Structure formats: C-alpha cells, structure tokens
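User: Got a minute to go through this model with me? I'd like quick answers, one topic at a time.
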Amino acid sequence: MATESSQSQELSGRTVVVTGSSRGIGAAIARKAAASGAAVILHGRTESSHLRNLCHELKATVANESTAIAADFSDRQQWMPFVEKCFAWRGRVDAWVHAAGADVLTTEHRSSSLEQRLDMLWQVDVAAAVLLLNEVGRRMSDNASGGELPAIVTIGWDQAVHGMEGEAGILFGTTKAAVMAFTKSLACHLAPRVRVNCIAPGWIRTAWGATATEVWQERAREESLLDRWGEVDDVAGLAAFLIGPHAAFVNGQVIPCNGGFRTSRATVADRESAH
C-alpha cells in the first residue's frame, strides 16, 4: 500500500463530505480522500466509537483536517441541520460522497418483515438521498465559480440493472435503482455547474460478505470476470477519481465497480441444491 508521502494530493485544499463513513465502504472512501489531501467530514448515524476512532486516525496518520458529524437519516428532521453543519465547517463543500445506507442485513433489522425493511431502506437510502442531495447540489451550484467543479457521488448497485432473486434482490434492486435514476436526473438538473455520478458496486467484501456462507462466497467470485470479491478500497479508488480533477468531463454516469459482471450464472438455489 502506498505511504502517505507517495500518495497523490489531487484533492488538496478541497472539503469532502463522506456520509456513512463510520465503517465499510464509506470509511475506505474517507481514508482515500484524506490521503489524497482533502479535509474530510465524516458522518455516522450516531457518535459511535468507530466514527471517533476514524476521525482520530485521519488526524494522526495524514495530518489533514477532519471532523465527525452525526445524523440519523431515518429522522427527516436531522437532514437539513446536517447539511448546514457540513457547509459551515469550512465555509464550503467541494465534493459529497453519499455512501450512507440502512443496514438491514447484519443489524437487528435483518429479522424485520419485508415491509419494515423496505420502509427503512426507502427512508434512508432513497428519500434522504433525494431531498438532502438536492439541497447540497443547490448550495454547490450557487457557490460554484471558475476552476474545478463541485462533485457529488452516490452509491447504487450493479445488480439493480439485471435483477436478483430473493428478498435482498427485491429490496436493494428497487431502492438502489431509484438512487441510480435520481443520480442521472440530478446531473441534468445541476449541469453545467456541478458534476453528479453514481458508483454501482458489485460483490464487495463488507461486514456481510466477511461472514457469508460458502454458497454466497462462491457466487460472489463466479459473478466477477476477475474471479474475486471486490474490496472496499476498489470502491474508494473509484470514488476519489470521480471527485478529482481527472474526472472533470465525467458526468451523469452510473459506473459499475464489479470486475466485470459475468451474466451466465447459477442462482443461490441452484448452488444450494448442488451442495
């Protein structure tokens, strides 16, 4: 892994917000942005030890400005105050990576009904993204001046395009497809003053992936042309590119991060019957 001294400083001087950055993909994106020179606003649902520790880590290892702001996106009353705090920290926000999402796979919500999990995902992953980022984009557009454009990045899901069997497919296919469609419309709405793109990760080894059964482990490997799980750093590298200067002419795109999707695949039910 590259050391701090060898890291590119392409985000130097920029203020970057990464929502959902207490762990997983969001935390990896925050680390990458800080290592690339950005001042980073971290976000979590609560002021957890994960959030505090990451903030301390960034200050200690890359010596960049960072702060942590908690907001529960399942509570609509917290959305706009969170935006206010982010823009007030350094007077502007240059890039916003919206990685926050409800965890209905590894928390107590995994045993909730389909309807309850859909309500949670729709509120946190879709409604919060639409209304919060619309306001973020408006502020960015009002403050945009010459030079590098402000940038917004959302997180979708590669299989929302193809569809996937099971309740997870129904839930995430529906909500992440909405996020991807919203991203394209927001890009049209904010052009040419703000760039907006979406990353659609494939099988990424987050908390759920680390404990998934062998059937799912096999599926994750086989559905990528690179024959492996994606890592959070794979997504982080793409996010840093999209908010950086080398993506200055990339706008309104949904970009898969999956190693290449292998379309001819067996379902989980097929694999379980084979075992």
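User: Where is C188 found?
Analyst: C188 is found in helix α6. Helices here are DSSP runs of H or I with at least four residues, strands are runs of E with at least two, and both are numbered from the N terminus. One caveat up front: this is a predicted model, where local features need pLDDT of at least 70, side-chain atom pairs count only at pLDDT 80 or more, and totals for chains, interfaces and linings use all residues. Residues are numbered from 1 along each chain as its sequence is written, and side-chain values use heavy atoms, with hydrogens and water left out.

User: Is C188 buried or exposed?
Analyst: C188 counts as exposed, at 63% relative accessibility. The cut-offs are under 20% relative accessible area for buried, over 50% for exposed, and partly exposed in between, with a 1.4 Å probe and protein chains only.

User: What separates C188 and V83 in space?
Analyst: Their C-alpha atoms are separated by 22 Å. Along the chain, C188 and V83 are 105 residues apart.

User: How many disulfides does a search of the whole structure find?
Analyst: Zero. A disulfide here is a pair of cysteine sulfur atoms within 2.5 Å. C55 is in no disulfide, and its nearest cysteine sulfur, that of C86, is 13 Å away. C86 is in no disulfide either, and the nearest sulfur to it is that of C55, at 13 Å.

User: And C55, buried or exposed?
Analyst: C55 is buried, with a relative accessible area of 8%. C86 counts as buried too, at 0% relative accessibility.

User: Back to helices. At what angle do α4 and α6 pack?
Analyst: About 10°, with the axes of α4 (residues 114-143) and α6 (residues 166-190) 10 Å apart. That makes α4 roughly parallel to α6. Angles under 35 degrees count as roughly parallel, over 145 as roughly antiparallel, 65 to 115 as roughly perpendicular, and the rest as oblique. The axes are lines fitted to C-alpha atoms, for helices over the stretch in contact, and angles run from 0 to 180 degrees between N-to-C directions.

User: Which residue classes does the contact of α4 with α6 have?
Analyst: The contact has 15 nonpolar, five polar and five charged residues. Nonpolar covers Ala, Val, Leu, Ile, Met, Phe, Trp, Tyr, Cys and Pro; charged covers Asp, Glu, Lys and Arg; the others, Gly among them, are polar.

User: Where does α4 bend?
Analyst: At A128, by about 35°. The bend is the angle between axes fitted to the seven residues ending at a residue and the seven starting there.

User: And how many Å does α4 reach, first C-alpha to last?
Analyst: It reaches 42 Å over 30 residues, close to the 44 Å expected at 1.5 Å a residue. The expected span is 1.5 Å times one less than the number of residues.

User: New topic, backbone oddities. Which peptide bond is cis?
Analyst: The one from A191 to P192 is cis, with omega near 5°. P192 sits in the loop between α6 and β6 (195-201).

User: What about phi at D227?
Analyst: D227 has a positive phi of about 55°, although it is not a glycine. D227 lies in the loop between α8 (214-222) and α9 (232-242). D227 is partly exposed, at 48% relative accessible area.

User: Then R221, where is that found?
Analyst: In helix α8. R221 is partly exposed, with a relative accessible area of 32%. R221 is 18 residues from W203 in sequence and 8.2 Å from it in space, C-alpha to C-alpha.

User: Last one, strands. Where is L42 found?
Analyst: L42 is in strand β2 (residues 39-44). L42 is buried, with a relative accessible area of 0%. The C-alpha atoms of L42 and I69 are separated by 6.2 Å.
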